[in-house]
Amino acid sequence: MNLPKGTVPLSLPPGPSAPRALQTARWIARPAAFMEDAQRRYGDMFTLKIANEGTWVFISDPDAVKQVFTGDPRLLHAGEANIVLLPVLGSHSVLLLDDDEHMAQRKLMLPSFHGERMRSYEDTMADVAGREIARWPAGEPLPAWPTMQAITLEVIMRTVFGVQDSERLERLGNVLRDTLAFAAQPRRMALLAVLGPRRVAKLGLIRSVLEPADKLIYEEIDIRRGAPDLADRTDVLSLLLQARHEDGTEMTNEELRDELMTLLVAGHETSATALAWALDALTHHPHVLARLRDEIDSGDDTYLDAVVKETLRLRPVIALVLRRLVEPMEIGGRTLPAGVNLAPCIYLLHRRADVYDDPRAFRPERFLEKPPGTYTWIPFGGGVRRCLGASFAQFEMKVVLRELVARLDIRAARADPERRIRRAIVFAPARGGEIVVERRSRSTHALAA
Ligand code: HEM
């Protein structure tokens, strides 16, 4: 083909030649091995073909990742790439929008997630964690994940939805758990893929599943709109009720419902899984656990912060983020065609030996020596799509781990660290972070504080 003078030919980076179905099967069965293998063979940029997902161009070079995160968001659509979540999250969800609509919604939500604001949630997070930890049976191997999930769900219901009343908390907790369990079933996701999320949403095919949760959420919004103490409240729903669009209008009930559901789906399982990975890593590295415990007992959170960052580096919950290319764009020295999904790969970037010494080792000290880089530590993605809950999640992980280590002796249930499995969109420990706990006998500074 003859190209006009000065035109750079469009090309996809190399990748496996196996048929799409086979590549999809490998991606589903062993995603980490598949990615590492492809990187070894084809380098920092390679192409995979995944059924229903189109073409993914993996990117793990920090400069190329920076190009994607700082590129024009009008040409790099993240919302479009998340469209499979439309029937559950709804059409106003910040996760699903692009361009001006996305920025407008994100601006309304950002102030509620500002790092400093998280401190007002500390007591709630510690109380919820303390109660769940107290129920943990001592002396038997148990997966940490269900307890972590119970904690992160209640924390979201209290701090994001702002529900305090115990009877309402229980009712809401039950219906949200059912809704989330439905959304996590692979068979349901297959239905979404076959029919297409837009059709499923339009036909209301899963309306009956969402109805009980929606009813309670709309009730909560109504009660809160009329709450006399709205201006003094610190929960996210109350803040969003006071936020205004640029034209001065309030958020509608539908917008509020869609954003609450988005925060629940984006923030609940991710945080619980990250906590389960932290416990798996800590119990398989007793010297790290011993140092963490000493520092927590002395009231210093610096090492705790490094433990959280190292967990999110080595065991990222989300392996990659996606941007659909609207027009051809030059990335990493290659002009990529419109329509492909760029996939800055968190998993591969976090394991680069030229960025991290001994990258496969769990060594929180590395973050005491050098702070994480904006384009080399990306567990929360980046640019105008960076996770809105990044401060919330890290703060919550620290509070929960502090309570846990201060109150319990923990040890690994088995000698080998856990394998990674894919659950919906997260990379989770296969046995759920199996540990054995014993109550600590001596009281600690952390508990007294
Ligand atoms: C360890 C826990 C978490 C991890 C690893 C995580 C990771 C991510 C990632 C990778 C993205 C996509 C970023 C991108 O495309 O560049 C994202 C987006 C998002 N996350 Fe999180 N997240 C976590 C917890 C939370 C929490 C607790 C909340 C809220 C309560 C939350 C709310 C969101 C929202 C609203 C978005 C969409 C942002 C946008 O499109 O503008 N996340 N998260």
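How far is an oxygen atom of the ligand from an N or O atom in the side chain of H102? The gap is 2.7 Å, and I'll come back to that pocket in a second.

Quick housekeeping. This is a predicted model, where local features need pLDDT of at least 70, side-chain atom pairs count only at pLDDT 80 or more, and totals for chains, interfaces and linings use all residues. Residues are numbered from 1 along each chain as its sequence is written, and side-chain values use heavy atoms, with hydrogens and water left out.

Okay, the ligand. It has 25 residues around it, and the closest are H102, R106, R323, R385 and C387; "near" here is a heavy atom within 4 Å. Besides H102, two more spots make polar contacts, meaning N or O pairs within 3.5 Å. A polar side-chain atom of R385 sits 3.0 Å from a ligand oxygen, and a polar backbone atom of G382 is also 3.0 Å from an oxygen of the ligand. Which elements give two or more residues to that shell? They are α5 (99–109), α13 and α18 (390–407), and α13 gives the most, with 6 residues. Helices here are DSSP runs of H or I with at least four residues, strands are E runs of at least two, and both are numbered from the N terminus. By type, the shell splits into 15 nonpolar, 7 polar and 3 charged residues, with Cys counted as nonpolar and Gly as polar.

Now the iron. What is the only protein donor of the iron atom? That's C387, through SG, at 2.2 Å. A donor is an N, O or S atom within 2.8 Å of the metal (3.2 Å for Na, K and Ca), and water isn't among the atoms, so the site may look incomplete. C387 lies in the loop between α17 (366–369) and α18.

On to the sheets, where two strands pair if DSSP finds at least two bridges between them. One open sheet has 3 strands, β4-β12-β9, paired antiparallel. Its edges are β4 (142–143) and β9 (408–412). β4 pairs with β12 (434–439) over 2 bridges, and L142 has I435 as its bridge partner. Here α13 turns up again: as residues 253–283, that helix packs on the sheet, touching β9 and β12, at about 80° to β9. Contact means heavy atoms within 4.5 Å, and angles run from 0 to 180 degrees between N-to-C directions of lines fitted to C-alpha atoms, for helices over the stretch in contact.

The other open sheet is a mixed one with 5 strands, in the order β1-β2-β8-β5-β3. β1 (45–50) and β3 (76–77) are the edges. β1 runs antiparallel to β2 (54–59), with 6 bridges, and I50 stands opposite G54. Lying across β1 and β2 is α2 (31–42), at about 135° to β1.

Note on methods
Polar contact = N/O pair within 3.5 Å; in protein donor to acceptor, adjacent residues only side chain to side chain.
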